[in-house]
Amino acid sequence: MLPKWHFLLGLIFSSILVYLYKFSIFGGMIILASSILIDLDHYLVYLIRYKDFSVSRAYNWHKSLDSEHKPFMHLFHSVEFILLIGALSFLSDTFLLIFLGLLFHSFLDIIDICFKKKIKGWGREFFLIRYLLTKDKSKYF
C-alpha cells in the first residue's frame with residue numbers, strides 16, 4: 001500500500017480513537033506516526049542494498065517492484081518486532097499506542113495483499129527467525 005493511503009487511513013483511524021474513544025490528541029498522533037513510520041524499514045532495505053541515501057529513489061525503486069521480486073526482510077513489519085512492542089505495551093502506555101499503530105498498518109497491508117491476490121509468492125518475509133535461520137541471505141538483500 002502506498003504511503004499516502006497509510007497516512008490517510010491512519011489519520012482517520014487515529015481521529016476516530018481520539019473523538020469516539022477519548023484518546024488524547026497526543027496519543028492519536030503517536031498512533032498515526034507509528035502507523036506511518038513502520039515503513040522506514042523499506043527505506044533501510046534500499047539503503048543497505050544500494051548504499052544510496054535518496055528517499056525519492058528508494059520510494060521509486062520499491063514502487064517499481066512487482067509481486068514476483070525477491071523477498072526482503074522488513075524488520076519493523078516482522079511478527080517478532082510487533083510482538084516485542086506488544087510486550088513492552090504492558091510497561092508503558094506509549095508502547096501500547098505504538099503497538100496499535102503497528103497493528104493498524106499491518107492490518108492495512110494484509111487487506112492490500114489479499115485484495116491484490118498477492119498472498120502466494122508475496123515478496124516480504126514476515127518472520128525474523130526464519131530469516132535468521134536461512135543460510136542464503138543473499139535472496140533477501
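1. The crossing of helices H2 and H6 is right-handed. In this predicted model, H2 spans residues 25-37 and H6 spans residues 93-115, and their axes come within 7 Å while crossing at roughly 45°. That angle makes H2 oblique to H6. On the H2 side the contact is formed by Gly27, Ile30, Ile31, Ser34 and Ser35. H6 contributes Thr94, Leu97, Ile98, Leu100, Gly101, Leu102, Phe104 and His105. Sorted by class, the H2-H6 contact comprises 7 nonpolar and 6 polar residues, with no charged residues.

2. Helix H1, residues 3-20, also packs against H2: the two axes come within 9 Å and cross at roughly 155°. H1 and H2 are therefore roughly antiparallel to each other, since an angle over 145 degrees falls in that class. The crossing of H1 and H2 is right-handed. From H1, the residues that meet H2 are His6, Phe7, Gly10, Leu11, Phe13, Ser14, Leu17 and Val18. Their counterparts in H2 are Ile25, Gly28, Ile31, Leu32, Ser35 and Ile36. By class, the contact of H1 with H2 holds 9 nonpolar and 5 polar residues, and no charged residues. Ile31 and Ser35 of H2 deserve attention in both interfaces, being listed in the contact with H6 and in the contact with H1.

3. Aromatic pairing should be read alongside these helix contacts. A search of the whole structure finds 5 aromatic pairs. In one of them, the ring centres of Phe13 and Phe104 are 4.2 Å apart and the planes lie at 0°, so the pair is stacked. Phe13 belongs to helix H1 and Phe104 to helix H6, so this pair ties together parts that are 91 residues apart in sequence. What is the burial class of each partner? Phe13 counts as partly exposed, at 23% relative accessibility, whereas Phe104 counts as buried, at 13%. The cut-off for buried is under 20% relative accessible area. Both residues also take part in helix packing: Phe13 in the contact of H1 with H2, and Phe104 in the contact of H6 with H2.

4. The pair formed by Phe76 and Phe81 has another geometry. Its ring centres are 5.1 Å apart and its planes are at 45°, so the pair is tilted. Phe76 is partly exposed, with a relative accessible area of 22%. Phe81 is likewise partly exposed, with a relative accessible area of 22%. Elsewhere, ring pairs link Tyr46, Tyr50 and Trp61 into a cluster.

5. A polar residue of H6 merits a separate remark. Ser106 lies in this helix and is buried, with a relative accessible area of 14%. Which residues does Ser106 contact, leaving aside its neighbours within four places in sequence? These partners are Ile38 and Ile82.

6. For the chain as a whole, the secondary structure consists of 7 helices and 2 strands. From the N terminus on, the order of elements is α-α-α-α-β-α-α-β-α. Of the 141 residues in the chain, 38% are buried. Among contacts between residues at least 6 apart in sequence, 62% join residues at least 24 apart. The stacked pair of Phe13 and Phe104, which ties together parts 91 residues apart, offers a local example of such sequence separation.

How values were computed: Residues numbered from 1 in each chain as written. Predicted model: local features only at pLDDT ≥ 70, side-chain atom pairs only at ≥ 80, totals over all residues. Heavy atoms only, no water. Axes fitted to C-alpha atoms, helices over the stretch in contact; angles between N-to-C directions. Helix = DSSP H or I, 4+ residues; strand = E, 2+ residues; numbered from the N terminus. Parallel < 35°, antiparallel > 145°, perpendicular 65-115°, else oblique. Left-handed = near helix turned anticlockwise from the far one by under 90°. Contact = heavy atoms within 4.5 Å. Nonpolar A, V, L, I, M, F, W, Y, C, P; charged D, E, K, R; others polar. Buried < 20%, exposed > 50% of the residue type's maximum accessible area, 1.4 Å probe, protein only. Phe/Tyr/Trp six-rings, centres within 6.5 Å; stacked < 30°, edge-to-face > 60°.
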